[in-house]
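Hi,

Here is the structure I promised to pass on. Have a look at it first, then read my notes below.

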Amino acid sequence: MSQLLQHLINGLAAGTIYALVALGYTMVYGVLKLINFAHGDVMMVGVYMGYATAFALGRQAQRSLWGVVVIFAVAMVGCALLGFLIERFAYRPLREKPRLTALITAIGISFALSYGFQLDIGFLPGASPRAFPEVIVPSEWFIIGDRDVVVWNWQVISFLIAVGLMAALQFLVYRTRFGKAMRAVSFDHRTAALMGIPTDRIIALTFMLSSALAAGAGLLYAIKDTSVSPLMGLYVGLKAFVAAVIGGIGNVPGAVVGALLLGLVEEFVVGYAASTWRDAVAFGFLILVLLVKPGGLFGRVAAEKV
Amino acid sequence: MAAPGVTTLSDVDAGRVPPALRGILPVLIALPVLALAEVLLGASPFATYLLSVVGVNIILAVSLNIVNGMTGQFSIGHAGFMAVGAYIAGVTSLELKEVALSFLPVAASDQVLFTVALLAGGTCAALCGFLVGLPSLRLRGDYLAIVTLGFGEIIRVVVQNTEAFGRALGLSGIPQYSSVAMVYFWVFLVVLVARRIAGSSHGRSLWAIREDEVAAEAMGVDTTGYKVRAFVISSFFAGIAGGLFAHFVPIINPGSFTFVKSMEVVVMVVLGGLGSSTGAIVAAIFLTLLPEGLRSLFGALGAEGSLAQKVDQIRMPVYGLLLVVLMLARPQGLFGTKELWDVLPRWLPRKKKGLT
């Protein structure tokens, strides 16, 4: 019983991080109908920015509260800029082209980023994984029974940060002018433009927002995993994307539920079966969900018109 | 109306092949050339290897082109099918290693068994292709792409966890039956099949699905059936390519069939032009030989020895940027849906007409 509870907690902790990355996919897909394959790699770049900042701050400062805030702020702002650049120069010129071209571009950017960061030319970090500094000193917070169920402080902190960011996003999308414009663009961006909504600006801002979220999620992931590597974006990104699709891509609560489900499923596979099957089970779960509900759990399948 | 910048079928006659290439002539030319290559290359294992890799990549690119280019279903799990073919063919060959058909000379018997192993690999891959094609009944576009990606990853993990496939270590000791002639026999076959499909009524249905799936369905095209068949044919040849690959490299392991390999093939198809078989061939040859060429170039320059080692590192980011630049500048690829013989005459000097 206590083992089950422990797996539940670990699964939820992993799920919240997937959820934050998945939200970025869902937002961009909702507004542009584009699977932003490069999202995971933007996250990876964000983690490297945080890594560099932590080093610049030094060992003492990076563990203080303001140090953590600075690390998150630098990574999120830096990633927002990166997201803006990618949108402006790679996706915007393709907006009226068939969707396949944008998808191929996204895959291209993903490859350029993840493999570009593996080079060891100039300031690029090289392929080997680095240890992420202990920004949050790990400690056990709650111990139920005799060390039966353990909750780590970083699990609680990342859960709180993730929930906070999600709540902020929900508020932004449904309670602000920007969110209203975003939903309008998502509904029909041509009509939205006719109604005087600056669609280009809204789409750019959506990209920046989703990239900043990715950076935040990536840092939480790096704190949990204690390592940074150029390929982390490819795999965490894929998982988060799977989560977004399971929940029904384009649907904000769906992405969160899908991510939590995926986190739990993976944790139970690792806990009760074999850890080597984790990735296969994640994709198997995805295919199963898509076969039963092609639009994802909360998605709607719109009839296509000619 | 198709978006600007994309070739539509109205300006391409997909089935047309120039008369010179239509009959048995290409085979008659190819046979002595291949025999000559086999003899000449006997002395140079590296050249044999390089030519075999080029051939395998051509098979992969042309077969993926049937799904990605002609049918317009974006599949990004081609390495998975290749893995199925490689492992099944490899295991079959390992099992049959000691067997010899008594009524044939040893070398011939080996080739027969090799063919059996290849066909076994291809068939299993085709079965997997059928399984991947089936969800296309309900899934479209991006979602189907993700399912193919997931399927490729699942195959990799399954291989990695199966005792019979050597887990993460892979298979070694597969008899090296493959020859340049064998590889190019299959290259010939896949190109023939791809061209035949492109020009047939079956191919017309595939083009129709590619241009507009909903409209094709409304016109009575059995879209699911055609898509599944395209997947089956494409994955069969990917499996054959995998089998050939397994029989000329010393070791196969799950690391050879990752998402990265799938993307390499996608880059070839996109660079050549979605829908152009000859484009896929040209791109496959170019992209396979480019790293080797750069490596020997840097090697020849001498002082930049470390740069020669970096070629492999630089290759992947360059592929990524290449995709981006291609999509921005020329989304239809080098050839679009045109074939080499549609494009070449433009660059060759033309006969002057009507000036008599």
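By polar contact I mean a pair of N or O atoms within 3.5 Å; within protein, one must be able to donate a hydrogen and the other to accept it, and residues adjacent in sequence count only if both atoms are side-chain atoms. Between chain A and chain B, the count of residue pairs in polar contact (both at pLDDT 80 or more) is zero.

This is a predicted model, where local features need pLDDT of at least 70, side-chain atom pairs count only at pLDDT 80 or more, and totals for chains, interfaces and linings use all residues. Residues are numbered from 1 along each chain as its sequence is written, chains are lettered from A and ligands numbered from 1 in the order in which they are written, and side-chain values use heavy atoms, leaving out hydrogens and water.

Back to the interface. Salt bridges (a side-chain nitrogen of Lys or Arg within 4 Å of a carboxyl oxygen of Asp or Glu) also come to zero across chain A and chain B. On the chain A side, α4 (65-91), α5 (99-116), α10 (232-247) and α12 (278-292) each supply at least two residues; helices here are DSSP runs of H or I, at least four residues, numbered from the N terminus. The largest share, 13 residues, comes from α5(A).

In contact terms (heavy atoms within 4.5 Å), 48 residues of chain A meet 42 residues of chain B.

Cheers
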